[in-house]
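Colleague: Please take one part of this model and go through it closely, with its surroundings. I would like one connected account rather than a list.

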Amino acid sequence: MLSFALSKARRGSGYFNLVDKAAVDYVHERVGGTRGVTANHVLAAARRTKHIPTRLLALNVLYVLVALHWATITRAGEHRQLFFSCARATQGPGLGLQT
C-alpha cells in the first residue's frame, strides 16, 4: 500500500510512504465501525503487534483507509489532531485488497 502527498511548496514533488497491507487490514478490523479514531488510538490498538510501531505509521494507515473509502476525516481537533470515522469491516481477512 502507498500513502502519497504532494508538496505545496514545490510543484511536481511530494513524498510517499509504504504501508504494509497486513497493517491496513489489522487496523480496519480493529477500529472498523468506530468514530473519532486518532493515530494514537490506532497505535494503542496495535501496541502488542509489530504492525504499527510509530504514530506516524498509524496516521499513514489511516490515510490509506481514507484512500480506500473505508474511512473519512471527520474533523481536525486542537493541536492539528485529525479524527477519522472508519467503516465497519464486512469481509473476513484480506478485506478484498489486491496484492
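Modeller: What follows is a close look at helix α3 and the parts of the chain around it. The model is a predicted one.

First, the setting. The protein chain has three helices and four strands, arranged along the sequence as β-β-α-α-α-β-β. Of its 99 residues, 31% count as buried. The accessible surface is about 6900 Å², and carbon and sulfur atoms account for 52% of that. Taking contacts between residues at least 6 apart in sequence, 49% join residues at least 24 apart.

Now the helix. α3 runs over residues 55-67. It consists of 13 residues, and the distance from its first C-alpha to its last is 19 Å, close to the 18 Å expected at 1.5 Å a residue. The buried residues in α3 are L57, A58, N60, V61, L62, V64 and L65. As background to that spacing, an α-helix has 3.6 residues a turn, so residues three or four places apart point the same way.

The helix is best placed by way of the largest nonpolar core. This core has 21 residues, and I52 and L65 touch the most other members. Two or more residues come from each of α1 (21-31), α2 (39-45), α3 and β4 (82-86). The largest contribution is that of α3, which gives six residues. Leaving aside residues up to four places away in sequence, L65 touches V24, V27, H28, W70, A71 and C86.

Helix α1 also holds D25. D25 has 8% relative accessibility and therefore counts as buried, the cut-off being under 20%. D25 and A89 lie 64 residues apart in sequence, yet their C-alpha atoms are 8.9 Å apart in space.

A second link from α3 is aromatic. The count of aromatic pairs comes to one. It is made by Y63 and F84: the ring centres are 6.1 Å apart and the planes stand at 70°, so the pair is edge-to-face. Y63 sits in helix α3 and F84 in strand β4, with their positions 21 residues apart in the numbering, so to speak distant parts of the chain are linked by the pair. The two partners are covered to unlike degrees: Y63, at 32% relative accessibility, counts as partly exposed, whereas F84, at 0%, counts as buried.

Next, the way out of the helix. H69 comes just after α3, in the loop between α3 and β3. H69 has a positive phi of about 65° although it is not a glycine. For comparison, most residues other than glycine have a negative phi. At 70% relative accessibility, H69 counts as exposed.

The chain then enters β3, which covers residues 71-76 and pairs with β4 in the antiparallel sense over five bridges. Within this pairing, I73 stands opposite F84, the residue whose ring meets that of Y63. β3 and β4 form a hairpin with five residues between them, and in the turn H79 has a positive phi of about 60°.

To draw this together, α3 gives the most residues to the largest nonpolar core, and L65 is one of the two residues that touch the most other members. Through Y63, the helix also forms the edge-to-face pair with F84 of β4.

Note on methods. Residues numbered from 1 in each chain as written. Predicted model: local features only at pLDDT ≥ 70, side-chain atom pairs only at ≥ 80, totals over all residues. Heavy atoms only, no water. Core = buried A, V, L, I, M, F, W, Y, C linked by side-chain atoms within 4.5 Å. Buried < 20%, exposed > 50% of the residue type's maximum accessible area, 1.4 Å probe, protein only. Contact = heavy atoms within 4.5 Å. Expected span 1.5 Å × (residues − 1). Pairing = 2+ DSSP bridges. Areas by Shrake-Rupley, 256 points an atom, 1.4 Å probe, with all protein chains shown as cover. Phe/Tyr/Trp six-rings, centres within 6.5 Å; stacked < 30°, edge-to-face > 60°.
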